[in-house]
Amino acid sequence: MTAPALEVRELKKHFPVQKGLLKRTVAHVKAVDGVSFAIRPGETLCLVGESGCGKSTVAKMALRLIEPSGGAILLDGKDVTGLEAKAMRPYRRRIQMVFQDPYASLNPRMTAGRIVGEPLENFEDYSTKVREERVARLFEKVGLRPDAMRRYAFEFSGGQRQRLGIARALALEPAVIVADEPVSALDVSVQAQVLNLLMDLQEEFGLSYLFVSHDLGVVEHIGHTIAVMYLGKIVEIAPKETIFADPQHPYTKALISAAPLPDPRAKRERIVIQGDVPSPMNPPPGCAFHTRCPFAVDRCKVETPALLTKPDGRQVACHLVA
Amino acid sequence: MSAIPERPLAAAAPAALGSPAHLLRFSRRNPTIVAGAAILIVVTALALLAPFFAGDPLSMTPALRLRPPSAEFWFGTDHLGRDLFARTLYGAQISLLVGISVAAFSIVVGLIIGLLAGYYRSVDGVVMRLMDGLMAIPAILLAIALVALTKASVFVVIVAITIPEVPRVVRLVRSVVLGVREAPYVEAAVASGTRTFKIIIRHILPNTIAPLIVQSTYICASAILIESALSFLGAGTPPDVPTWGNMIAQSRLYLGPAPWTIFFPGIALAVIVLAVNLLGDGLRDRLDPRLARRM
């Protein structure tokens with residue numbers, strides 16, 4: 001078996017909460033609390049969950065834009081967790097990112113060609129001419145006309161801007177692309193185009209995606225494996241087909257039953273969960289989901305369920321799924 | 001369906017840059033910029049061209065002392081019989097030199113410190129407390145101290161006024177940097193391997209330019225005023241140099257019999273500060289309505 005393109009082990013991020021003049025640390029927000037997964041080359045792992053569950057933090061830690069408080073990040077089987085900026089540079093180009101906001105993630109003062117060419121400038125010693133040719137080819141790859149290189153980002157539509165973001169991520173021919181809600185800011189029709197572009201590129205270059213989303217429809221379209229996060233932890237991780245056909249964790253069930261169906265006459269059992277996500281600063285004891293779980297029993301309130309591997313390979317963290 | 005009345009786009013014909021039509025439209029939309037810039041250009045031209053048409057600002061003719069404005073002496077003469085017109089024009093040289101130098105020095109120094117303090121959070125606390133300390137020193141007091149320690153010269157005055165202005169620039173730049181460093185496009189640059197120096201220069205620095213241009217005009221205006229105050233107090237430029245502050249100080253005893261001796265340098269000072277402030281206000285509204293208020 002080949003090494004995973006990207007693997008994280010027991011990744012943790014605890015943000016200190018500081019108070020007073022001396023910045024005393026009074027508590028920690030456990031934004032991410034022990035997340036592990038592996039993505040094989042050419043595969044897409046989708047991280048889903050409510051806002052604030054830590055999925056974006058995981059994505060940024062994978063790129064080391066945020067330093068993890070614990071755990072390990074492995075790229076091509078090599079641990080890059082503690083590497084200094086200089087030692088990290090060769091790995092930087094193996095993992096790139098597509099951002100959520102296609103407006104704010106492109107420098108408004110730079111032309112599209114320079115934005116897409118910036119990673120090349122950083123890593124390759126190309127002459128201006130060669131670099132522009134490379135950029136032109138990248139433009140074609142993402143379905144933009146190369147003569148748009150001289151235009152500024154604000155002259156493009158939202159979908160085109162996201163294509164620019166994808167072209168920038170592709171420039172260094174990375175093995176992994178982390179996409180943090182790359183389509184949630186786009187119109188539905190444009191969403192589909194961008195998703196299809198991402199899938200075409202995956203096929204062409206054998207890319208692995210870490211795809212963060214809250215939209216189950218999007219996830220069902222693009223994902224191979226789905227990881228469901230709740231309050232900084234993965235509660236269920238399984239191949240797409242099984243998780244949508246037969247969700248095990250009550251939270252997964254609720255999420256999937258809440259996703260709208262295209263058929264208005266279709267009936268299905270809705271599991272409606274009550275209340276809000278508890279504060280990650282003061283998570284409930286035991287299973288973090290027990291405060292909202294319709295099936296919770298006494299054991300859930302005291303004992304934290306471990307993420308256990310089932311015989312069919314899926315992993316679930318729930319006492320009720322034995 | 002009723003026809004929507006076509007509203008012609010205002011001034012649809014795009015006037016060529018710099019053409020008379022373009023200039024006219026620009027001045028109608030930005031009267032303060034044009035007025036301020038026009039006054040400054042005239043004053044600067046007069047100051048620089050003074051040697052060619054104004055008399056000698058230093059030659060004394062006691063026989064012609066305290067003469068009112070006339071065809072020979074446009075602004076009259078002072079108590080030593082010196083030509084006030086010439087002295088006022090030469091005074092403008094000093095004022096402009098001090099104003100522009102202080103603005104340039106404080107912007108350059110403040111920009112560098114501000115970029116570092118804003119980007120590197122570890123140095124921020126120390127640097128900003130230092131800046132707070134500097135800000136507490138009054139420019140006039142510092143100038144008096146520096147002049148007492150060294151020899152009075154225009155350069156010392158420039159240094160003395162620059163030092164307390166630097167923290168204002170640092171605060172402005174730092175606030176811009178703090179806002180921009182979290183922007184997704186900066187994060188994107190980090191992710192694509194851009195080195196820190198390049199991130200600061202390419203992605204962060206350009207955002208500080210507009211507010212700094214505006215800030216520099218305010219610094220320039222206040223530097224001109226402080227220089228005059230220092231000259232007036234005798235703590236600035238040496239008294240033999242014709243500056244507006246020196247002129248007002250030396251003429252204050254003759255305010256009653258010869259008001260023109262104070263009137264002309266005073267008016268010149270008011271006009272130039274007004275012009276710089278007009279320009280600054282106009283630029284602020286045009287370049288950056290949010291950020292560039294005096295901090």
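In the predicted model, strand 9 (residues 225–230) of chain A is joined to strand 10 of chain A by six bridges, and the two strands run antiparallel. Within this pairing, A:Met229 has A:Ile234 of strand 10 as its bridge partner. The two strands form a hairpin with two residues between them, and in the turn A:Leu231 has a positive phi of about 50 degrees. Strand 10 (residues 233–239) of chain A is largely enclosed by the rest of the structure, because six of its seven residues are buried. Strand 10 of chain A is also joined to strand 12 (residues 315–316) of chain A, through two bridges and in an antiparallel arrangement; here A:Ile237 is paired with A:Gln315 of strand 12.

Strands of a sheet pair through backbone hydrogen bonds, and the pairing may be parallel or antiparallel. Both strand 9 and strand 10 belong to an open sheet of eight strands in chain A, which has the order 6-7-8-3-9-10-12-11 and mixed pairing. Strand 6 and strand 11 (308–309) of chain A stand at the edges of this sheet, and since each has a single partner strand, one side of each is left without a neighbour in the sheet. In contrast to the antiparallel hairpin, strand 3 (residues 44–48) of chain A runs parallel to strand 9 of chain A, to which four bridges join it; in this pairing, the bridge partner of A:Leu45 is A:Thr225 in strand 9.

Two helices of chain A were found to pack on the sheet. Helix 1 (residues 55–62) touches strand 3, strand 6, strand 7 (176–180), strand 8 (208–213) and strand 9 of chain A, and its direction makes about 150 degrees with that of strand 8. Helix 5 (residues 158–170) of chain A touches strand 6 and strand 7 of chain A, with its direction at about 175 degrees to that of strand 6.

Chain B contains 10 helices and zero strands. Its C-alpha trace spans about 80 × 65 × 30 Å along the principal axes, and 42% of its 295 residues count as buried. Among the contacts in chain B with a separation of 6 or more, 70% are accounted for by residues 24 or more positions apart.

Between the two chains, 19 residues of chain A are in contact with 13 residues of chain B. On the side of chain A that touches chain B, the elements giving two or more residues are helix 2 (85–92), strand 6 (95–98) and helix 3 (112–123), and helix 3 gives the most, with four residues. The residues on this side of chain A comprise eight nonpolar, four polar and seven charged ones.

Methods. Residues numbered from 1 in each chain as written. Chains lettered and ligands numbered in written order. Predicted model: local features only at pLDDT ≥ 70, side-chain atom pairs only at ≥ 80, totals over all residues. Contact = placed C-beta atoms within 7 Å. Nonpolar A, V, L, I, M, F, W, Y, C, P; charged D, E, K, R; others polar. Buried ≥ 20, exposed ≤ 12 C-beta atoms within 10 Å, placed from the backbone. Pairing = 2+ DSSP bridges. Axes fitted to C-alpha atoms, helices over the stretch in contact; angles between N-to-C directions.
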